[in-house]
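Let's take a walk through a structure together, one piece at a time. Have a look at it first, and then we'll start with a sheet.

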Amino acid sequence: MLPYALLRVSVHLEGERIVPHYFAPRDEPWLSVLLDEFARFTGRRRAEWVERLREPLPVRAPKAKLRIALSLLEPLCRARPAAAVPPKEARAALFRAASASHAPRGAVLASVAASFAVSPAELDRALFADLAAEQRVVAPPVELSAARLARDANLAIVVSLVRRASHVRITARGKERALIGHARFVGLICRASRLGSASEGIVLDVSGPFALFRHSELYGRALASLIPRLVNCDEFELSATCSLGRTSRLSSLSLRSGDPIGAGEHLLPERRLERKFERDFRRAAPDWELIREPAAISFGETLIFPDYELVHRHQPERRWRLEIVGFWTAEYLLEKLRRLRAAGIDDIVLCVDQRRECAESTLPADQRVVPYETSIDAGAVLAVIAGEPRRD
Amino acid sequence: MRLLFDHGTLVLAEAPDLKAERVPGLLWDPRVALFRAPAWRYSAVCTALRNWRPAFRDEVRPSLLPEPASWAAPELRPYQRAALLSWELSGRCGTIVLPTGSGKTKVAIAAMASAGLRALCLVPTRALLEQWSAELAAVYRGPVGCLGDGHRALEAITVSTFESAYRLMPRIGARFELLVVDEAHHFGLGVRDEALEMSIAPQRLGLTATPPSEPALSRLAELVGPIVYQLAIGDLAGKWLSDFDLVTVQLGLSPAERASYDADYRIFARFNRHFRRADPNASWQDFASAAAQSPEGSAAMSAWRRNRRLLQFTQAKAEAVGVLLGRHRESKVIVFTADNEAAYGIAREHLVMPITCDISRAEREAALNAFRAGQLRSLVSARVLNEGIDVPSADVAIIVSGTRGEREHVQRVGRILRPLPGKRALIYQLATRATSELRRAIERRHALAPVRLAAR
């Protein structure tokens, strides 16, 4: 997330349209120089690197873009140096000794150093060795090329812009499921409709509940968290209305596949919940095949996106869908079950995170609702789909 | 007709013939085909609905936590009782302004005990989370909930960091009837206001030593309540707070520093003069925006920053700190700097324990305990000790520099005014002659005056 001042100089407006100043191939030469310079400081103090940055690079680098690139490199200055004495212990001993003594600094330092069996200079160096300024610069990962840094910087610009949006409209094709699941998970209102045939993709209108009144930073963050998932779709288009200034004036942002944005691979850790469920279910139900992200089900004017389809290996007509529900209320679940039944969709299991309820309410007593807390009980899901009595 | 809580908002279901203008804050939400209002309008929405359809079903309140347990109400000083009474007479919606060390937390606890409602206390830091939890646990007979710093326990009386409340309010916003907002000056114009907007709590109490200025003050009045009671350090010093002497020490610059300062000042002044001629009433933000548009402006801002940095810790200040620490070797001293770099410089040179954001909370706690016990005679801090931490009694403060104006000054001075028999606190304010710093140091003194004088 870029600070407002930096974001503001990373875009310009053409009428109401936001034009991001994307990093382009012409930026790669100075980014390469920056990476080389950064690598040259490997093992040195972070404070030295910060001091170095007060002077310009040997090649001309646009100021705002340089600051963005540096913000991406910043997390790499993380290694802690070795210290002869654990810094916390050094501080506790030295400052207490100084308070108890009227001796000059050198004498106090020497006496405390002797108690640790180190030299005064080693003790002095250890004193703040664990603090930010003393951290050491780590060599950039080998895969971090100038081109990759440019793409990641563009992703940072886009994420920061969408964070200032109240509503986004997305057209996506291929891998759009992760997007929908995530929108649901972070509490956004997400209306999905099909764009012509199934192969043409879907249209999503996504906004936070508060969007009706004003831009909310909380739901802006939630919208921005969609972007790394969006850029992983095969094809996409996004339009957003963003409040770019400190006023309520809105500007529009457009984004499409092919724009020079990083794929955000490092931002997409697989959710532990799904990983564990898949592993547990395969173990517990060897007769059932687990298919991730099956086709959407038409449901009135909108679509339902199950997270899994469960198909019996020997009786393929036995099929169930499983949806992991994000935020919920009892009313919401009852209404959803009622509408599913009315639409003739009975073969669906709703896994409901008990910690994410919006109101203090009791789960509807329905066989198809499987509550969970930290992990989904594969046995409970199997009991529902196999028609066995539930153990709980 | 049913009123429900939904992710920091209220939704009105089964209200086919409702006209939105009848209910304040209510809008039609075409995304879900329901009426919706922000949660903080709960009281007004209920009142309007009750007038229109007395039989509407309020399904927001059943989502609250169990009833709170009983309290051992704390004993209050006269001014604390007056503050509490003012808040109660203002419909239990208001902000109380009392100086640091005057017992704001005690007033809040008395307010919670008197209201007997489910209450959520919002505090800015993890250190305060612990402090509030401990103070509440001493007088509240039920379990105290905690949100933040790795804890996630909701109880009828819960303390939360601003950050946790901000993240969780869409889910817990319907569970509390009273919001207590410590250090309320952090609200009014920022992102965190969303936490207050997403809560239904009809009763709200703000606490601060330094209320914000407009327009944040009006926004705070809207979301928490207007100022209902206000006292300054000058009102309480001598009886409820320790009396004090404030000494402004005027220092010079070394020849090299003076040359650098004057050269940079000229660069800044040239652009500033030019800008002010065109727009005499422009704000500092306007100036900074204009400066970013031209190379001369950028150079002026860089020069201004260099000078500010220079004045924060000059050679003379470094020497003065040494002299003053030596002079008050037998006292408990807190040194305040503008940034961590200066704090570490002083820590290393004079062997004074630093309390900064880089030092872990456990280590900070250990250091504060050692200071309390007399094992450490002095501490140096940039901003961490400005507010929120219950600093043990100290009798000398050395303010090397600050960047945050009157508010910071009041907070820092308040740190050493905890009353003790016979105590007279001493505050040194270091300022550099023939610079803008000296003028600001003199201006800041007014912020400590009694409320009526300060207003004048």
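In chain B, five strands line up as an open sheet in the order 3-4-2-1-5, with mixed pairing. Strands here are DSSP runs of E with at least two residues, helices are runs of H or I with at least four, and both are numbered from the N terminus. Two strands pair if DSSP finds at least two bridges between them. At the edges of the sheet you'll find strand 3 (27–29) and strand 5 (57–58) of chain B, each of which pairs on one side only. Now look at strand 1 (residues 2–6) and strand 2 (residues 9–13) of chain B: they run antiparallel, and five bridges join them. One to pick out is Leu4(B), whose bridge partner in strand 2 of chain B is Val11(B).

A word on what you're viewing: this is a predicted model, where local features need pLDDT of at least 70 and side-chain atom pairs count only at pLDDT 80 or more, while totals for chains, interfaces and linings use all residues. Residues are numbered from 1 along each chain as its sequence is written, and chains are lettered from A and ligands numbered from 1 in the order in which they are written.

Next up is chain A, which has 14 helices and 14 strands. Of its 392 residues, 35% are buried, meaning that 20 or more other C-beta atoms lie within 10 Å of a residue's own (12 or fewer makes it exposed, in between partly exposed, with C-beta atoms placed from the backbone).

So where do the two chains meet? There, 29 residues of chain A are in contact with 31 residues of chain B; contact means that C-beta atoms, placed from the backbone, lie within 7 Å. On the chain A side, helix 5 (87–100), helix 6 (105–116), strand 4 (189–194) and helix 10 (217–224) each supply at least two residues. Helix 5 of chain A gives the largest share, eight residues.

Stay with helix 10 of chain A for a moment. Six of its eight residues are buried, so this helix is largely enclosed by the rest of the structure. Among those buried are Leu218(A) and Tyr219(A). The buried residues of helix 10 pack against parts of both chains, including helix 8 (146–162) of chain A and helix 5 (162–172) of chain B.

For a contrasting spot, try Arg275(A) in helix 12 (residues 272–284) of chain A. Arg275(A) is exposed, because 12 other C-beta atoms lie within 10 Å.

How values were computed. Contact = placed C-beta atoms within 7 Å.
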